[in-house]
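Welcome, and please open your viewer. We will go from stop to stop, with something to select at each one.

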Amino acid sequence: MRLNRRELAAMSFSALMLTSGARAETVSSAPQPAAAAIDPLNLVDPELRPILDHIPPLDLGMDNLQAVRSAEFPPALPLPAIQPQERFIQGGAGNPRLRVVVLDPAPQAAGKPAILHIHGGGLVVGKPEVAIPELQQLAAELGVVIVSVDYRLAPEHPFPAGLDDAYATLEWMHRSAGELGIDPARIALLGESAGAGLAAAVSLRARDRGALPIRFQALRYPMLDDRTAQQKPPAHVGTFIWNWQSNAFGWASVLGRKPVMDAAPEGAIPARAKSLHGLPETWIGVGTLDLFARESMAFAGRLVEAGVPVELSVVPGAYHGFDTMVPAARVSATFIASWKSALRRALQVD
């Protein structure tokens, strides 16, 4: 399937799932009895339904991974939009040349707030370019420097490669604050899906090491818990865009084995962290039909218990990535305004 420019730009990271070479499969097991009579499409917000006609179901796996990776990305917005600039920095262990993309609204200014952006893609696909148009607009709206990291992907590079690269980018932003013209006390993390999960993991590592302050984290439908891949959800949850099979593949790829209920590598799974005390103020948003709805709400609840200020947005009738796919929908506009407002407040942007 080939999409036009408008559809690609709207779908952002979800465009990764839409290539002619990607093979779709159906869930082989029967749905849970309680959900058997529910038509998932009837639960979708009416404004979010039409685009689903253009998106075939996809179970991501080794047989179609390269085809999905070869998907086209939305082009960067032309001038006068802020233009992305490539930089190469020292990455995590084993990665001496890590690519980052920098968007700077005022190159000559000093003391600017900054955002480390981590893209989505199930930990197995994606690169900064999938979100560049959105980041160009965000940098201009908030007057912030944005650095998006092209972290290493699984299964070729399992844990901790992706996390190491994301954390190395945060280290570089602090170390190069003067060169970048940013205020190291006003750095926030922003991620969507797998990128949001990595953002949470970066926050946990920064807290534990006590060297790199983070002002805020905005987690859009975060991929936080490998245990979600252990049990199939109700049939109407995770039906659209990112499903249980793709999620299980993503976690198995990054862990180097299928997820198991009783253990995971230390630091790999934010939801398994023994304590969430000391994490930065957090915004979490997810749709009720998203596979990650339960784990997002559970993580928010644990943040509350840990005394971390947290704002939670749960959107009725919304599936994974809805705001990038149908940004003009009422629920999308409200959702987008919420996380942008949270970032604006946290970074004290006038």
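Begin by selecting strand β7, residues 281-287, together with β8: the two pair in the parallel sense over six bridges. Two strands count as paired if DSSP finds at least two bridges between them. Helices (H or I, at least four residues) and strands (E, at least two) are DSSP runs, numbered from the N terminus. Within this pair, T282 stands opposite V310 in β8.

Some notes before we move on. This is a predicted model, in which local features need pLDDT of at least 70 and side-chain atom pairs count only at pLDDT 80 or more, while totals for chains, interfaces and linings use all residues. Residues are numbered from 1 along each chain as its sequence is written, and side-chain values use heavy atoms, with hydrogens and water left out.

**The sheet**

Now show every strand. You will find an open sheet of eight strands in the order β1-β2-β4-β3-β5-β6-β7-β8, with mixed pairing. At the edges stand β1 (85-89) and β8 (310-315); each has a single partner strand, so one side of each is left without a neighbour in the sheet. From one strand to the next, the twist averages 20°. Axes here are lines fitted to C-alpha atoms, for helices over the stretch in contact, and angles run from 0 to 180 degrees between N-to-C directions.

Next, add helix α7 (residues 194-209). This helix packs on the sheet and touches β3 (112-118), β5 (182-192) and β6 (216-220), with a direction about 140° from that of β5. Contact means heavy atoms within 4.5 Å. Then add helix α9 (residues 293-305), which packs on the sheet against β6, β7 and β8, its direction making about 155° with that of β7.

**Aromatic rings**

How many aromatic pairs does a search of the whole structure find? The search finds four. Rings of Phe, Tyr and Trp (its six-membered ring) pair if their centres lie within 6.5 Å; planes under 30 degrees apart count as stacked, over 60 as edge-to-face and the rest as tilted. Select W283 and F335, an edge-to-face pair with 5.2 Å centre to centre and 70° between the planes. The pair links distant parts of the chain, with W283 in strand β7 and F335 in helix α11 (residues 330-347), 52 residues apart. Both W283 and F335 are buried. Buried means under 20% relative accessible area, exposed over 50% and partly exposed in between (1.4 Å probe, protein chains only). Add Y221 and F322 to the selection: Y221, W283, F322 and F335 form one aromatic cluster.

Two rings have a charge for company. The charged end of R97 sits over the ring of F88, 3.8 Å from its centre, and the charged end of R205 sits over the ring of Y167, 5.4 Å from its centre. A charge sits over a ring if NZ of Lys or CZ of Arg is within 6 Å of the ring centre and within 35 degrees of the ring normal.

**Salt bridges**

A salt bridge is a side-chain nitrogen of Lys or Arg within 4 Å of a carboxyl oxygen of Asp or Glu. By this rule the count comes to 18.

Select R220 and E192, whose side chains meet in a salt bridge at 3.7 Å, N to O. R220 is in strand β6 and E192 in strand β5, 28 residues apart. Are these residues buried or exposed? R220 counts as buried, at 0% relative accessibility, and E192 is buried too, at 1%.

Keep R220 and add D323: these two form a salt bridge with their closest N and O atoms 2.7 Å apart. D323 lies in helix α10 (residues 322-325) and R220 in strand β6, so the pair ties together parts that are 103 residues apart in sequence.

Move on to R330 and D45, a salt bridge with closest N and O atoms 3.6 Å apart. R330 is in helix α11, while D45 is in the loop between α2 (40-43) and α3 (65-69), 285 residues apart. R330 counts as exposed, at 53% relative accessibility, whereas D45 is buried, at 10%.

For a network of salt bridges, select E86, R99, E129 and D150, which are linked in one.

**A last helix**

Finish at helix α4 (residues 132-142). Eight of its 11 residues are buried, so the helix is largely enclosed by the rest of the structure. Among the buried ones are I132, L135 and L142. Just after α4 comes G143, whose phi is positive, near 65°.

Now zoom out: the protein chain has 11 helices and eight strands, and buried residues make up 58% of its 350 residues.
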